[in-house]
Amino acid sequence: MSVSVDKKALRKDLLKKRDAYTPDDRQARSVLLLKHVLTHLYSVAQPLSTVGMFYPIKDEVDMTPLCTPLREQGLQVALPRVIEKGKPLRFQVWDGTPPG
């Protein structure tokens, strides 16, 4: 079996498990992840000026509540953006409004 097939199968399995969570369970897990990220963010690299994040799609963990405390600490938040299909994503500073 090729790596790409393994990756597709793993992704399918993980999405199925994630979809089984209730909205309350997803929210609780998001809060735990956010607390963990805030606790350990500054131990990774100093000085920090920009943090790359992602905007949730479907039932992905919602990291956006982390953005306000990061901005209050003087950090910029950047989201990946498709500039051209088939090309690498570029991170751009996010102003807090939903992408679209």
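This passage walks through the overall build of a predicted model and then turns to a few of its residues.

The protein contains three helices and three strands, and from the N terminus on these elements follow the order α-α-β-α-β-β. Its radius of gyration comes to 16 Å, well over the 13 Å that the globule rule gives for 100 residues, so the protein is more spread out than a compact globule. Along the principal axes, the C-alpha trace spans about 45 × 35 × 30 Å. Buried residues account for 16% of the 100 residues. About 8,000 Å² of surface is exposed, and carbon and sulfur atoms supply 58% of that area. Among contacts with a separation of 6 or more, 54% link residues that are 24 or more positions apart. As for charge, the protein carries 16 positive and 11 negative charges, whose mean positions lie 6 Å apart.

With the overall picture in place, helix α2 offers a good spot for a closer look. This helix covers residues 23–44 and includes S30; A28 also has its place in helix α2. S30 has a relative accessible area of 8% and is therefore buried, since the cut-off for that class is under 20%. A28, at 38% relative accessibility, counts as partly exposed, because this value falls between the 20% and 50% limits. Both residues can be related to V61. S30 touches V61 and also D62, leaving aside residues up to four places away in sequence. For A28 and V61, the C-alpha to C-alpha distance is 10.0 Å, with their positions 33 residues apart in sequence.

The aromatic residues add another link across the chain. A pair of aromatic rings is described by the distance of the centres and the angle of the planes. The count of such pairs in this model comes to one. The partners are Y55 and W94, arranged edge-to-face, with 5.9 Å from centre to centre and 75° between the planes. Y55 lies in the loop between β1 (50–52) and α3 (67–72), whereas W94 belongs to the segment after β3 (90–93), so the pair ties together parts that are 39 residues apart in sequence. The two partners can also be described by their accessibility. W94 is buried, because its relative accessible area of 10% is under the 20% cut-off. Y55, with 32% relative accessibility, falls between the 20% and 50% limits and so counts as partly exposed.

Conventions:
Residues are numbered from 1 along each chain as its sequence is written. This is a predicted model: local features need pLDDT of at least 70, side-chain atom pairs count only at pLDDT 80 or more; totals for chains, interfaces and linings use all residues. Side-chain values use heavy atoms; hydrogens and water are left out. Helices (H or I, at least four residues) and strands (E, at least two) are DSSP runs, numbered from the N terminus. Buried means under 20% relative accessible area, exposed over 50%, partly exposed in between (1.4 Å probe, protein chains only). Contact means heavy atoms within 4.5 Å. Rings of Phe, Tyr and Trp (its six-membered ring) pair if their centres lie within 6.5 Å; planes under 30 degrees apart count as stacked, over 60 as edge-to-face and the rest as tilted. The radius of gyration is taken over C-alpha atoms; the globule rule is 2.2 Å times the number of residues to the power 0.38. Accessible areas come from the Shrake-Rupley method with a 1.4 Å probe; for residues, only the protein chains shown count as cover. Lys and Arg count as positive and Asp and Glu as negative; His and the chain ends are not counted. The place of a charge is taken as NZ of Lys, CZ of Arg, CG of Asp or CD of Glu.
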